[in-house]
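Biologist: Could you put the model up? I have some questions about its side chains.

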Amino acid sequence: PYPLAGHMEWDPFLELTDTDAASPEQKVPHDKFLKWSPPPAAAGRALRIACLHGTCSNAKVTKVQIMRAAKMCGKEVEFIYLTGRLVAKAENPFRAEMSKQFKDQEFYDWTLWMNDTTKE
């Protein structure tokens, strides 16, 4: 039932010290939690992070938006900026605002933007 074999399901919003609110299956022994660490980056190179932009944006915009975080990481982390393959539609309400903030840029999406105003 868990996405990765050997990993316990956990609630990211649950404090480790908040054992009263945790159900028995959510209680993670403190020593087991602290022993977990992400897999190491390949030897000889920086950790790589794929940076995907939001709706109506592009890789250049994303680079500007996370520039400070990237500088803080230094050469330890390599940020790879990706651009969606679909040109953002004119009816996307974010396009007007993005065009004001980032002039002379083409904007893209990863999926089709839909104005879903239907009510169930």
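Modeller: What follows is a short run through the core, the salt bridges, the surface and the rings.

Modeller: Keep in mind that this is a predicted model.

Biologist: Fine. Which residues make up the largest nonpolar core?

Modeller: There are six residues in it: Cys-56, Val-61, Ala-88, Met-98, Phe-102 and Phe-107. In soluble globular proteins, nonpolar side chains tend to be buried together.

Biologist: And what is Cys-56 in contact with, leaving aside its neighbours within four places in sequence?

Modeller: Cys-56 touches Ala-88, Met-98 and Phe-107, which belong to that core as well. Its other contacts are Asn-92, Phe-94, Arg-95, Tyr-108 and Asp-109.

Biologist: Changing topic. How many salt bridges in the whole structure?

Modeller: The search finds two. In one of them, Arg-48 meets Glu-78, with N to O at 3.1 Å. Arg-48 sits in strand S1, residues 47–52, and Glu-78 in strand S2, residues 77–82. The two are 30 residues apart, so this pair links distant parts of the chain.

Biologist: Are those two side chains buried or exposed?

Modeller: In between. Glu-78 has a relative accessible area of 35%, so it counts as partly exposed. Arg-48 is also partly exposed, at 46%.

Biologist: What about the salt bridge of Arg-95?

Modeller: Its partner is Glu-106, and the closest N and O atoms are 3.7 Å apart. Arg-95 lies in helix H4, residues 93–101, while Glu-106 is in the loop between H4 and strand S4, so the pair ties together parts eleven residues apart in sequence. Glu-106 is partly exposed, at 36% relative accessibility.

Biologist: Now the surface. Which residues make the nonpolar patch?

Modeller: Leu-52, Ile-80, Leu-82 and Trp-110 make a patch of about 350 Å².

Biologist: Why can Ile-80 be part of a surface patch?

Modeller: Ile-80 has a relative accessible area of 32%, and patch residues need over 30%, so it clears the cut-off. Ile-80 lies in strand S2.

Biologist: Last one, the rings. How many aromatic pairs?

Modeller: The count is one. It is made by Phe-79 and Tyr-81, whose ring centres are 6.4 Å apart.

Biologist: Why call that pair stacked?

Modeller: Because the planes are at 20°, and under 30 degrees counts as stacked.

Biologist: Is each ring residue buried or partly exposed?

Modeller: They fall on either side of the 20% cut-off. Phe-79 is buried, at 18% relative accessible area, whereas Tyr-81 is partly exposed, at 21%.

Key. Residues numbered from 1 in each chain as written. Predicted model: local features only at pLDDT ≥ 70, side-chain atom pairs only at ≥ 80, totals over all residues. Heavy atoms only, no water. Core = buried A, V, L, I, M, F, W, Y, C linked by side-chain atoms within 4.5 Å. Buried < 20%, exposed > 50% of the residue type's maximum accessible area, 1.4 Å probe, protein only. Contact = heavy atoms within 4.5 Å. Salt bridge = Lys/Arg side-chain N within 4 Å of Asp/Glu carboxyl O. Helix = DSSP H or I, 4+ residues; strand = E, 2+ residues; numbered from the N terminus. Patch = residues over 30% accessible without salt bridge, like charges linked within 9 Å, V, L, I, M, F, W, Y side chains within 5 Å. Areas by Shrake-Rupley, 256 points an atom, 1.4 Å probe, with all protein chains shown as cover. Phe/Tyr/Trp six-rings, centres within 6.5 Å; stacked < 30°, edge-to-face > 60°.
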